[in-house]
Amino acid sequence: MLEFQDVTLKVDENGKEITILDNINLQLERKKIYVITGPNGGGKTTLSKLLMGIRIPTSGKIIFDDEEITAMNITKRAKLGIGYAFQQPPRFKGLKVRELLELAAKADNNQVDFCKLLLDVGLCPQDYVNREINNSLSGGELKRIEIATILARKLKLALFDEPEAGIDLWSFQKLVETFKKLHDENDLTLVIISHQERIIELADEVIVVADGKIKERTSKDTILSEVTLESACGCSSKFCDRRR
Ligand SMILES: Nc1ncnc2c1ncn2[C@@H]1O[C@H](COP(=O)(O)OP(=O)(O)OP(=O)(O)O)[C@@H](O)[C@H]1O
Ligand SMILES: [Mg+2]
């Protein structure tokens, strides 16, 4: 349903050309859960920005449901059913939580229960549904509200960039269950960028991105056993040469 063909992204930094993503080839199938992981600065967020149309590749093609979307803008891609929750959520100042969720649901003519949506991200509806979105909300609250806006939509592909970032342990457990439910009850492909074991456990396939390349496509069991090996040798990097 989604394909990256020889996708490269280069940027100019102080007159010097640097390659952020290098010749990415990737096919994702419908109704699967993919977890993208890998070291900081490897290119995961950039890859998801290319998918959303926030950035356009220097070369290569992106195909979604047999349609080329390489140069298509973010609004058009959203209409095709691609939704994205940021690693650092933007602030939709002035709107109330309910209004923001309404807007998200309306974009896809989706009927939603606002209370249920807030419960799904571990927020008490009574306390939050009429809250204004402003600086009084904490980072974790804001992140969960943003995730709720993705849940409010009727998507073909939902992408979450480090949903665990800034979220407490209790809400995180709820979020893992919510992702599972979202996938079980809908015909959608889920792409989650994460470093968390409990998210990796949801994956049909794990994609490792490092140094701007796809380093590995593997099973959750392989990745999780590698993590155990690393800690046994005292190394925290999956990419260390001395890894067993
Ligand atoms: N516009 C830009 N100019 C220069 N470098 C950039 C630009 N955008 C991204 N980068 C660099 O590209 C690399 C990949 O960044 P990206 O945000 O995709 O990493 P990531 O895998 O999401 O990392 P993290 O796990 O820390 O979130 C980083 O080294 C980053 O500094
Ligand atoms: Mg990132």
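This is a guided tour of a predicted model, moving from the whole chain to the ligand and then to single residues and pairs.

Residues are numbered from 1 along each chain as its sequence is written, while chains are lettered from A and ligands numbered from 1 in the order in which they are written. Because the model is predicted, local features need pLDDT of at least 70, side-chain atom pairs count only at pLDDT 80 or more, and totals for chains, interfaces and linings use all residues, and side-chain values use heavy atoms, with hydrogens and water left out.

**The whole chain**

Begin with the chain in a cartoon view, where there are nine helices and 10 strands; helices (H or I, at least four residues) and strands (E, at least two) are DSSP runs, numbered from the N terminus. Switch to a surface, and the chain exposes about 12,300 Å², of which carbon and sulfur atoms supply 46%; accessible areas come from the Shrake-Rupley method with a 1.4 Å probe, and for residues only the protein chains shown count as cover. Of the 244 residues, 48% count as buried, where buried means under 20% relative accessible area, exposed means over 50%, and partly exposed lies in between (1.4 Å probe, protein chains only). Among contacts (heavy atoms within 4.5 Å) with a separation of 6 or more, 65% are between residues 24 or more positions apart.

**The surroundings of ligand 1**

Next select ligand 1, which is surrounded by 16 residues, the closest being Gly41, Gly43, Lys44, Thr45 and Thr46; a residue is near a molecule if one of its heavy atoms lies within 4 Å of it. Show the side chains of the two threonines: an N or O atom of Thr45 is 2.8 Å from an oxygen atom of the ligand, and an N or O atom of Thr46 is 2.5 Å from an oxygen atom of the ligand. Then add Arg55, where an N or O atom of the side chain is 3.3 Å from a nitrogen atom of ligand 1. Taken alone, the ligand exposes 650 Å², and the protein buries 65% of that.

Now colour the shell by element, and the ones that give two or more residues to it are β1 (2–13), β2 (16–28) and α1 (44–52), with α1 supplying the largest share, three residues. Coloured by residue class instead, the shell divides into four nonpolar, eight polar and four charged residues; Ala, Val, Leu, Ile, Met, Phe, Trp, Tyr, Cys and Pro count as nonpolar, Asp, Glu, Lys and Arg as charged, and the others, Gly among them, as polar.

**Two loop residues with positive phi**

Move to the loop between β1 and β2, where Asn14 lies. Phi of Asn14 is near 50 degrees, a positive value in a residue other than glycine, and Asn14 is exposed, with a relative accessible area of 78%. Then follow the chain to the loop between β2 and β3 (33–37), where Lys31 is found; Lys31 also has a positive phi, about 65 degrees, although it is not a glycine, and it is partly exposed at 32%.

**Salt bridges**

Side chains of opposite charge can pair when their charged atoms come close. The structure holds 11 salt bridges, each a side-chain nitrogen of Lys or Arg within 4 Å of a carboxyl oxygen of Asp or Glu.

Select Glu17 and Lys10, whose closest N and O atoms are 3.9 Å apart in a salt bridge; Glu17 is exposed at 56% relative accessibility, whereas Lys10 is partly exposed at 35%.

Select Lys213 and Asp22 next, which meet in a salt bridge at 3.4 Å, N to O. The pair links distant parts of the chain, with Lys213 in strand β10 (residues 213–218) and Asp22 in strand β2, 191 residues apart.

Go on to Asp187 and Arg30, where the closest N and O atoms of the salt bridge are 2.1 Å apart. Asp187 lies in the loop between α7 (169–185) and β8 (189–193) and Arg30 in the loop between β2 and β3, so the pair ties together parts that are 157 residues apart in sequence. Finish this stop with Lys116, Asp120 and Lys181, which are linked in a network of salt bridges.

**A buried alanine**

The last selection is Ala152, in the loop between α6 (139–151) and β7 (157–161), which counts as buried at 0% relative accessibility. Which residues is Ala152 in contact with, leaving aside its neighbours within four places in sequence? They are Leu101, Ala104, Ala105, Asn110, Val112 and Leu117. Ala152 and Leu117 are 35 residues apart in sequence, yet 7.1 Å apart in space, C-alpha to C-alpha.

Note on methods: Polar contact = N/O pair within 3.5 Å; in protein donor to acceptor, adjacent residues only side chain to side chain.
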